[in-house]
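Me: I would like to practise reading a model feature by feature. Can we take it step by step?

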Amino acid sequence: TGELLTYSEHGLLRWPVIAPDPGEGQWTVGPPQRLPGEAAVGTQVASDHSGHTIAIAASKSAYIIQDSGERVVELAGLPDCRSIVVSPNGRWVVTGNHWGGPVDVWSVETGQKVNRLRENEQLVNPRFSDDGTMLAINASQHSGLFETQTWQEIKFAGSSIERVGAFSPDSQLLVELTSAGVNLLEVRTGR
């Protein structure tokens with residue numbers, strides 16, 4: 001028993017999934033519930049770990065949706081928002097642009113921008129560590145790693161992050177993808 005989300009030109013749909021009674025073999029999926037927000041081809045949808053907070057990148061805007069659509073906040077005036085991520089605890093949303101623009105952190109509670117991490121980046125792909133203490137930004141010009149309590153960029157002595165592939169489940173390690181191969185680094189030290 002649970003729910004599935006689908007996102008397409010038809011919009012964001014929540015599909016209830018009901019497990020069969022013991023001894024029976026048929027699961028029930030649907031009917032779908034349409035959630036608020038506009039669909040835009042080539043954009044992302046994300047949620048926190050609980051599924052309580054969902055965010056949609058919709059090109060010129062983004063949407064924060066809570067409680068199955070009972071609360072919707074539009075983040076308007078974005079230049080080309082195609083990537084979006086929600087922190088695991090549902091506190092923050094980070095928006096990124098495709099053809100250039102800022103990388104911003106938004107408060108889910110207020111819908112207000114709380115920090116601008118980068119002024120002008122292209123092909124942005126943000127991701128949080130599983131514990132929510134780190135945010136990686138992969139971008140065409142400059143990737144980086146940020147500590148989420150202060151939103152300060154973490155600088156490693158003698159190197160910079162080329163591209164973060166993933167965080168370990170305990171958020172202590174990250175996989176860095178480089179033109180020369182793959183590196184496994186400690187998040188706090190860069191070693």
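Me: Is threonine 95 buried or exposed?

Reply: First, a caution: this is a predicted model. Now the idea. Burial is read from relative accessible area, and buried means under 20%. Threonine 95 has 3%, so this residue is buried. Threonine 95 belongs to strand E9, residues 92-97.

Me: Which residues is threonine 95 in contact with, leaving aside its neighbours within four places in sequence?

Reply: Contact means heavy atoms within 4.5 Å. For threonine 95 the list includes Ala62, Leu75, Leu78, Cys81 and Ile84. Pro102, Val103, Asp104 and Trp106 are also among them.

Me: With which side chain does the side chain of threonine 95 make a polar contact?

Reply: Look for a pair of N or O atoms within 3.5 Å. Here the partner is the side chain of tryptophan 106, at 3.0 Å.

Me: Asp104 was on that contact list. Is aspartate 104 buried or exposed?

Reply: Use the relative accessible area again. Aspartate 104 has 2%, so it counts as buried. Its place is strand E10, residues 101-107.

Me: Which side chain does a polar contact join to that of aspartate 104?

Reply: The side chain of arginine 116, at 2.8 Å. Arg116 also appears among the residues that aspartate 104 touches, with residues up to four places away not counted. The others are Val93, Val94, Thr95, Lys113 and Asn115.

Me: Now another aspartate. Where is aspartate 130?

Reply: Place a residue by the elements on either side. Aspartate 130 sits in the loop between strand E12 (125-128) and strand E13 (134-138). Its relative accessible area is 39%, so aspartate 130 is partly exposed. Beyond four places in sequence, aspartate 130 is in contact with His49, Pro88, Ser168, Pro169 and Ser171.

Me: How many residues apart in sequence are aspartate 130 and valine 164, and what is the distance in space?

Reply: Keep the two scales separate. The pair is 34 residues apart in sequence and 14 Å apart in space, C-alpha to C-alpha.

Me: Next, the backbone. Is the peptide bond from glycine 30 to proline 31 cis or trans?

Reply: Read omega. For this bond omega is near 0°, and the bond is cis. Proline 31 lies in the loop between strand E3 (28-29) and strand E4 (33-35).

Me: What is phi of leucine 123?

Reply: Check the sign, then the residue type. Phi of leucine 123 is near 50°, a positive value in a residue other than glycine. Leucine 123 is in the loop between strand E11 (113-121) and E12. With 39% relative accessibility, leucine 123 is partly exposed.

Me: And what is phi of serine 59?

Reply: About 70°, again positive, although serine 59 is not a glycine. Serine 59 is in strand E7, residues 59-66. Its relative accessible area of 23% makes serine 59 partly exposed.

Me: Let us step back. How many helices and strands are there in the protein?

Reply: Count 0 helices and 18 strands. Then check the overall dimensions. The C-alpha trace spans about 60 × 45 × 30 Å along its principal axes. For 191 residues, a compact globule would have a radius of gyration near 16 Å; the protein has 18 Å, which agrees.

Me: What share of the residues counts as buried?

Reply: Of the 191 residues, 43%. Add the surface: the protein exposes about 9900 Å², with carbon and sulfur atoms supplying 49% of that area. For charge, count 14 positive and 22 negative side chains. The centres of the two sets lie 7 Å apart.

Notes
Residues numbered from 1 in each chain as written. Predicted model: local features only at pLDDT ≥ 70, side-chain atom pairs only at ≥ 80, totals over all residues. Heavy atoms only, no water. Helix = DSSP H or I, 4+ residues; strand = E, 2+ residues; numbered from the N terminus. Rg over C-alpha atoms; globule rule 2.2 N^0.38 Å. Buried < 20%, exposed > 50% of the residue type's maximum accessible area, 1.4 Å probe, protein only. Areas by Shrake-Rupley, 256 points an atom, 1.4 Å probe, with all protein chains shown as cover. Lys, Arg positive; Asp, Glu negative; His and termini not counted. Charge placed at Lys NZ, Arg CZ, Asp CG, Glu CD. Polar contact = N/O pair within 3.5 Å; in protein donor to acceptor, adjacent residues only side chain to side chain.
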